[in-house]
2 protein chains.
Amino acid sequence: MLHDPTQLDLMFQALADPARRQMVDRLSRGPASVSQLAEPLAMSLSAVVQHLNVLEASGLVRTEKLGRVRTCQIEPQALRAAEHWINERRLAWERRLDRLGDFLAETNDES
Amino acid sequence: MLHDPTQLDLMFQALADPARRQMVDRLSRGPASVSQLAEPLAMSLSAVVQHLNVLEASGLVRTEKLGRVRTCQIEPQALRAAEHWINERRLAWERRLDRLGDFLAETNDES
DNA sequence: ATAATAGTTAAGTGATTGCTTCAGTATTAC
DNA sequence: GTAATACTGAAGCAATCACTTAACTATTAT
């Protein structure tokens with residue numbers, strides 16, 4: 001579940017759009033309604049709702065409707081999953097570089 | 001340069017495709033040629049080259065051609081930039097939750 | 001009851017994606 | 001020189017994207 005490839009597709013796809021990243025950025029400072037998310041964006045409310053649906057489908061954002069206002073929150077576990085995928089690959093690469101450095105240092109010592 | 005929004009667009013877009021993530025995963029274990037990247041993928045070599053161009057344009061991968069073989073490497077700085085963007089938002093959210101927890105604990109002490 | 005607010009849904013449109021095939025160009029092997 | 005290898009580039013195509021407008025449904029305020 002933590003490593004579902006299609007979930008990663010959805011999360012990275014969601015983060016690939018600047019409007020959606022701006023929404024996530026806003027939500028990182030606290031919950032917000034749809035209108036509050038829309039306010040700084042130069043597009044229709046309808047477009048914002050569609051972006052929000054993408055974010056919700058990706059698992060990055062969770063929403064709850066009370067009365068007529070829908071309140072949105074970040075889902076930190078999803079952010080952590082995306083972060084983790086990248087981090088593992090970067091660390092694998094860097095560990096490989098370290099081993100290579102050790103090897104070169106050793107073979108130099110034997111000269 | 002580290003926080004160029006269009007660079008983040010390109011990086012997250014690049015990571016949104018499972019074939020491209022598989023290529024990055026392969027490269028995290030060491031450099032590879034185009035054919036080596038293509039080998040586990042069920043698509044034409046031409047398609048792989050197109051994916052590779054996306055990865056290169058995003059800055060996640062750097063390539064160098066020697067003779068007729070193009071060798072590909074991960075660019076860890078780019079991975080770090082994507083990782084960092086996510087991490088900052090997640091930490092902002094979690095710090096906020098901590099402050100909220102502290103506040104609730106304090107107001108409870110005053111009962 | 002009426003009106004304003006907050007959001008939802010559907011249809012349409014032009015641009016972009018993720019492939020394909022086919023026809024190339026260098027480079028290396030025989 | 002001929003052939004095999006390792007890509008490269010262009011054209012085409014169906015599907016998806018990021019919007020728009022317009023019509024709609026709830027909920028709250030007066």
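**Entry 1: a serine and a base**

I began with S46(A), and in this predicted model I find one of its polar side-chain atoms 3.1 Å from a base oxygen of DNA strand D. I then looked up the same serine against the other strand, where a polar side-chain atom of S46(A) lies 2.6 Å from a base oxygen of DNA strand C.

**Entry 2: the surroundings of strand D**

I asked which residues come closest to DNA strand D. There are 19 residues around this strand, and I noted H51(A), S35(B), S46(B), R68(B) and R70(B) as the closest. Of the strand D atoms that come within 4 Å of the protein, 67% belong to sugar and phosphate.

I went on to the phosphates of strand D, where an N or O atom in the side chain of S35(B) is 2.3 Å from a phosphate oxygen. R20(A) also places a polar side-chain atom by a phosphate oxygen of DNA strand D, here at 3.1 Å. I next listed the elements that give two or more residues to the surface near this strand, and they are α4 (45-58) from chain A and, from chain B, α3 (34-38), α4 (45-58) and β3 (69-74). The largest share is that of α4(A), which supplies 4 residues. Sorting the surface near strand D by class, I recorded 8 polar, 6 charged and 5 nonpolar residues.

**Entry 3: the surroundings of strand C**

I turned to DNA strand C and found 20 residues around it, with S35(A), S46(A), R68(A), R70(A) and H51(B) coming nearest. Sugar and phosphate make up 66% of the strand C atoms that come within 4 Å of the protein.

For chain B, I looked up two arginines. R20(B) has a polar side-chain atom 2.9 Å from a phosphate oxygen of DNA strand C, while R68(B) has a polar side-chain atom 3.1 Å from a base oxygen of that strand. Which elements give two or more residues to the surface near strand C? I noted α3 (34-38), α4 and β3 (69-74) of chain A, together with α4 of chain B. It is α4(B) that gives the most here, with 4 residues. By class, I counted 6 nonpolar, 8 polar and 6 charged residues on the surface near strand C.

**Entry 4: reading back over the helices**

Going back over my notes on α4, I see that α4(A) has the largest share of the surface near DNA strand D, whereas α4(B) gives the most to the surface near DNA strand C.

Terms used
Residues are numbered from 1 along each chain as its sequence is written. Chains are lettered from A and ligands numbered from 1 in the order in which they are written. This is a predicted model: local features need pLDDT of at least 70, side-chain atom pairs count only at pLDDT 80 or more; totals for chains, interfaces and linings use all residues. Side-chain values use heavy atoms; hydrogens and water are left out. A residue is near a molecule or strand if one of its heavy atoms lies within 4 Å of it. A polar contact is a pair of N or O atoms within 3.5 Å; within protein, one must be able to donate a hydrogen and the other to accept it, and residues adjacent in sequence count only if both atoms are side-chain atoms. Ala, Val, Leu, Ile, Met, Phe, Trp, Tyr, Cys and Pro count as nonpolar, Asp, Glu, Lys and Arg as charged, and the others, Gly among them, as polar.
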